Amino acid sequence: MSEIPHDEQLARFLHSEHLRADKSIKPNAFMPPKSLELSVTCHADGLGPDLWHRGWKVMKTMNKCPLRGRADLSAGRVRQARPLDAVPAPIDDDAHHAHVVNWPPLEQKHLHKALALELSTAATFVECPTSAPPG
Amino acid sequence: MTPIMVATVSGLLAGTGSSATGTDGLFVDEQTAEVAEGLSRTESVGHGSTWLELERVVGSCGHDGWDGYGATAISGYSLTVAARLLFVLPIGVTAPTVSVDPDGEVSYEWYTSASRVLSVSVGADGMLHYAARVGASRHHGAEPFLGHFPTVILDLVRKVA
């Protein structure tokens, strides 16, 4: 499986709990789950509307908090936050799925917070163009 | 919001730090706690907005998968510790905003800008994990919550807020 190029963009889909009032991104958007594999979507190849479709799919369990947007940052920027790395992790219905990996052990949560703060500060917020899923 | 969660948020201050003995001592403690709780919940003097946010996140993060990526529902234990921590945040210190981490722990944030921000996660076990940016400096670490607001974290609050 090929490595994700440094300049490839990675998207993390966001809802209201991930955003501050000024629409800046909170660090909890990049805190890893217990598996220590943070899901992101690669989109260097111009996925366009299909990218938002994937976002709505991620948020399908949310009834009251619709998709607000996404946090974009490059794979190279993720790797600057050492020791993190971004690796392909295709799943059945999403060939563009990837993981941010190499998080410190679970008990060192303060390191997770420091890394998540760095990623959230580096990421760019892109607002979702629609307030409801298409079709 | 579940009844248990409502009870947790509303009854969090019970048993906070009394050392009184005898009927009179207990009465004074109860009255003092009532006044302190009232002040703490006001917007102008205390941290009323944060109390409201705690109740809000119970509603929005109260079920597994609340973030779309499989996050754990907000932890009642973390919520209890978070409320006790808020109660001992000195009155007059800027109130934090509230987030929830994917592991269900409550997180307090003091945010002025991207270069002046402090985030503190409240562990169900009473550990406080924090990370901050203060200008070019970066800070992170863990402190136990022993019933008073940890000095290290309070110093960071005063630097970023």
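# Reading a two-chain model

Author: Let's start with chain B, whose secondary structure comes to five helices and five strands. Keep in mind that this is a predicted model.

Reader: Thanks! What pattern does chain B follow along the sequence?

Author: Write α for a helix and β for a strand, and chain B reads α-α-α-α-β-β-β-β-β-α. 

Reader: How do I judge the fold of chain B beyond that pattern? What share of the contacts joins residues at least 24 apart?

Author: Look at how far apart in sequence the partners are. Taking contacts in chain B between residues at least 6 apart, 53% link residues at least 24 apart. As for burial, 35% of the 161 residues in chain B are buried.

Reader: Where in chain B is confidence lowest, and where is it highest?

Author: Here is the general idea: where pLDDT is low, the predicted coordinates should not be read in detail. In chain B, helix 1 (residues 3-10) has the lowest confidence, with a mean of 43, while strand 3 (residues 116-122) of chain B has the highest, at 97. Residues 1-8 of chain B have a pLDDT below 50, and the model gives this stretch twelve contacts beyond near neighbours in sequence. Residues 10-19 of chain B also stay under 50, with eleven contacts beyond four places in sequence. Over the whole of chain B the average pLDDT is 82, and 73% of the residues score at least 70.

Reader: Now for the two chains together. How many residues of chain A are in contact with chain B?

Author: On chain A, 25 residues are in contact with 28 residues of chain B. Helix 3 (residues 109-122) of chain A gives the largest share of chain A's side, seven residues. By class, that side has eleven nonpolar, seven polar and seven charged residues. For the complex, the predictor gives an ipTM of 0.88 and a pTM of 0.83.

Reader: Could you walk me through one strand? Why is strand 3 of chain A largely enclosed?

Author: Happily! Strand 3 (residues 69-74) of chain A is largely enclosed by the rest of the structure because five of its six residues are buried.

Reader: Which strands does strand 3 of chain A pair with?

Author: Strand 1 (residues 9-14) of chain A runs antiparallel to strand 3 of chain A, joined by six bridges. Strand 6 (residues 124-127) of chain A is also antiparallel to strand 3, with four bridges. To find your way on screen, start at A:R70 in strand 3: A:F13 stands opposite A:R70, and A:R70 stands opposite A:V126 in strand 6. As you look along, remember that in a regular strand the side chains alternate between the two faces of the sheet.

Technical notes: Residues numbered from 1 in each chain as written. Chains lettered and ligands numbered in written order. Predicted model: local features only at pLDDT ≥ 70, side-chain atom pairs only at ≥ 80, totals over all residues. Contact = placed C-beta atoms within 7 Å. Helix = DSSP H or I, 4+ residues; strand = E, 2+ residues; numbered from the N terminus. Nonpolar A, V, L, I, M, F, W, Y, C, P; charged D, E, K, R; others polar. Buried ≥ 20, exposed ≤ 12 C-beta atoms within 10 Å, placed from the backbone. Pairing = 2+ DSSP bridges. pLDDT = per-residue confidence, 0-100.
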